[in-house]
Amino acid sequence: MIQRVVVAILCGILFGIGLVISDMVNPARVLAFLDVTGSWDPSLAFVMGGALIPSSIAYAIKRHRGRPVFEMRFHVPTNRTIDGALVSGALLFGFGWGLVGLCPGPALASLATGRWEAVLFVAAMIVGMFAYRTTSSRHSQPLRIH
């Protein structure tokens, strides 16, 4: 149990360091990427493209392993249904990302900068997650961590 927590924390720290090094915690960089008619900044495309490398390696390893090293099974989504909840969630996420220039991972990593905008965004994100959990019939069950 403790090994899983330590590995998860180390992976989160590594992800956060990558976000800081690539400057994806800077909302202006993300917004410049989304501004295709103005002064477009392609750096986010290179970051996303670069993320395909470790992701592809991880999926190749998964095919040859029965289970992960520190977990009982792989947690890979199997639901491929495109429904209203998925589309509306994607639209809401995209709207917020385009409006603010942050998404959850970079927002959490940007807390290290101490900027009030990052703190406000993360606080609003937590309130939104709590509101969804308490109002959604699918997720009204208590969150269980194995």
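**Figure 1. Overall view of the predicted model, in which 17% of the 146 residues of the protein count as buried.** The model is predicted rather than determined by experiment. Six helices and zero strands make up the secondary structure of the protein, and the order along the sequence is α-α-α-α-α-α. Taken along the principal axes, the box filled by the C-alpha atoms is roughly 50 × 35 × 35 Å. Among contacts with a separation of 6 or more, 40% are between residues 24 or more positions apart. The accessible surface comes to about 11,100 Å², and carbon and sulfur atoms contribute 71% of that area.

**Figure 2. Charged side chains of the protein, 12 positive and 6 negative.** The centres of the positive and negative sets lie 18 Å apart. Four salt bridges are counted in the model. Among them are the pairs Arg4 with Glu71, Asp23 with Arg29 and Asp41 with Arg29, which are presented in the close-up views below.

**Figure 3. Close-up of the salt bridge between the side chains of Arg4 and Glu71.** The N to O distance of this pair is 3.6 Å. Arg4 belongs to helix H1 (residues 2-21), whereas Glu71 is placed in the loop between helix H3 (43-64) and helix H4 (84-100), so the salt bridge ties together parts that are 67 residues apart in sequence. Both partners are classed as partly exposed: Arg4 has a relative accessibility of 27%, and Glu71 has one of 21%.

**Figure 4. Close-up of the salt-bridge network that joins Asp23, Arg29 and Asp41.** The side chains of Asp23 and Arg29 meet with an N to O distance of 3.0 Å. In the salt bridge between Asp41 and Arg29, the closest N and O atoms are 2.8 Å apart. This second pair links distant parts of the chain, with Arg29 in helix H2 (27-34) and Asp41 in the loop between H2 and H3, 12 residues apart. Through the shared partner, the salt bridges form one network of Asp23, Arg29 and Asp41. Arg29 is partly exposed, at 26% relative accessible area. Asp41, at 17% relative accessibility, counts as buried because the cut-off for that class is under 20%.

**Figure 5. Close-up of Asp23 in the loop between H1 and H2.** The backbone phi angle of Asp23 is near 65 degrees, a positive value in a residue other than glycine. The relative accessible area of Asp23 is 23%, which places the residue in the partly exposed class. The side chain of Asp23 also takes part in the salt bridge with Arg29.

**Figure 6. Close-up of the largest nonpolar core, composed of nine residues.** Its members are Leu19, Met24, Val25, Val30, Phe33, Leu44, Trp97, Cys103 and Ala109. Residues up to four places away in sequence being left aside, Cys103 touches Phe93, Trp97 and Phe121. Of these contacts, Trp97 is itself listed in the largest core.

**Figure 7. Close-up of another nonpolar core, which lies apart from the largest one and has five residues.** Its members include Ala107, Phe121, Val122 and Met125. Phe121 is also one of the residues touched by Cys103, and Cys103 is a member of the largest core.

Technical notes. Residues are numbered from 1 along each chain as its sequence is written. This is a predicted model: local features need pLDDT of at least 70, side-chain atom pairs count only at pLDDT 80 or more; totals for chains, interfaces and linings use all residues. Side-chain values use heavy atoms; hydrogens and water are left out. Helices (H or I, at least four residues) and strands (E, at least two) are DSSP runs, numbered from the N terminus. Buried means under 20% relative accessible area, exposed over 50%, partly exposed in between (1.4 Å probe, protein chains only). Contact means heavy atoms within 4.5 Å. Accessible areas come from the Shrake-Rupley method with a 1.4 Å probe; for residues, only the protein chains shown count as cover. Lys and Arg count as positive and Asp and Glu as negative; His and the chain ends are not counted. The place of a charge is taken as NZ of Lys, CZ of Arg, CG of Asp or CD of Glu. A nonpolar core is a set of buried Ala, Val, Leu, Ile, Met, Phe, Trp, Tyr and Cys residues joined through side-chain atoms within 4.5 Å.
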